[in-house]
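Got the model open in your viewer? Grab the selection tool and let's take a walk.

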Amino acid sequence: MLAKMQLKLISIWLMTFQWISNSDGSIESPSQTGNLNYWEQPFSQPYFDNATRRDVTATVGQMTYLHCRVRNLGDRSVSWIRKRDLHILTVGILTYTNDQRFQSLHSDGSDEWTLRITSPQIKDSGTYECQVSTEPKISQGFQLNVVISKAKIIGNTEMYIRSGSDINLTCVVLETPDPPSFIYWYRDRDVINYSGRGGISVVTEKQTRTSRLLISKAQPPDTGNYTCAPSASDSASVTVHVLNGEHPAAMQHGNSSNSAVTRLLPIFLLFRVSFHSGAVGHRRVRAISCRQTDQMNG
């Protein structure tokens, strides 16, 4: 049994490292005789590591990266190409475009070739190819989606609050691949001062991308424009009116609005005009009837 295993190992060794002797005493490698040598075996050719993420979403203005990992690269080069116009962006670590927002990053000894895009814009959305200079060339596509991240305050853009009620605002950050690093609240142009007035609290949950502002027992001085401003996102604003008992029909509690009052106002005005017109017509008919009666009696 041991002898058979030794013979098998010897045969494998001879198949891998065989050399051919000529009659003049010289030797030739298998590649010189038309056979493939070790470095030309299929398993030694460059190939892509498919574990990298190939569908990337980025926010306008925020630096983003496309990571391409190539195994067994050898002496070949790696290029990044924009597919929509076949424009060569980088070759190796050199940039081949006038748009200096694109740059190739690579560390010696690493299998990773990264395309860095500084301040991406909507127009940069599309497919990018990581290409290896084999014959024939091999490439791997990456889809980049650049979106505009924006905040939204739930509810209407104008609110009426009764004095003594709470102002409760909820802000949600939309279209953002990563949680915001911060979310600030402003009243008019100033960051809300928590120490200047009691009863103000903010609860921010980065993972759910939400922030809640609560101002308890609001007073007329709390009236103003409230803005939710997340990092790397467009802000959102609402106007809050804190009323001191006047116009009770326009006052709302919490996040409700005066939209119902606004919808009913035209109907009320129409009814008033119709009633006025009817009353005037009735008085005219009565006056005519009286004159006719006087004429008959005369």
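The stops below go from a pocket to some salt bridges and then to the surface.

Before you click, note that this is a predicted model, where local features need pLDDT of at least 70, side-chain atom pairs count only at pLDDT 80 or more, and totals for chains, interfaces and linings use all residues. Residues are numbered from 1 along each chain as its sequence is written, and side-chain values use heavy atoms, with hydrogens and water left out.

**Stop 1: the pocket.** Select Thr57, Met63, Thr64, Pro177 and Asp178. The largest pocket has a volume of about 380 Å³, and of its 20 lining residues these five are the closest to the centre. (A pocket here is an open set of points on a 1 Å grid over the protein atoms alone, where a 1.4 Å probe fits, with protein on both sides within 12 Å along at least five of seven lines; lining residues have an atom within 4 Å of a point. The volume is the space filled by probe spheres set on the points, which are joined across faces, edges and corners.) Now colour β4 (55-59) and β5 (64-71): each supplies at least two lining residues. Strands are DSSP runs (E, at least two residues), numbered from the N terminus.

**Stop 2: salt bridges.** The whole structure has 10 of them, each a side-chain nitrogen of Lys or Arg within 4 Å of a carboxyl oxygen of Asp or Glu. Pick Asp49 and Arg69, which pair at 3.4 Å, N to O. Asp49 sits in the loop between β3 (47-48) and β4 and Arg69 in strand β5, so the pair ties together parts 20 residues apart in sequence. Asp49 is buried at 15% relative accessibility, while Arg69 is partly exposed at 23%. (Buried is under 20% relative accessible area, exposed over 50%, partly exposed in between, with a 1.4 Å probe and protein chains only.)

Next, show Lys83 and Glu129, whose closest N and O atoms are 3.9 Å apart in a salt bridge. Lys83 is in the loop between β6 (78-82) and β7, and Glu129 in strand β11 (residues 126-132), so this pair ties together parts 46 residues apart in sequence.

Then try Asp99 and Arg101, a salt bridge at 2.9 Å, N to O. For a network, add Arg71, Asp111 and Glu112 to Asp49 and Arg69: salt bridges with shared partners join these residues.

**Stop 3: the outside.** Which strand holds Asp190? Asp190 belongs to β17 (residues 190-191), and is exposed at 54% relative accessible area. Finish on Ile93, in the loop between β7 (87-91) and β8 (94-95), also exposed, at 55%.

Notes:
Helix = DSSP H or I, 4+ residues; strand = E, 2+ residues; numbered from the N terminus.
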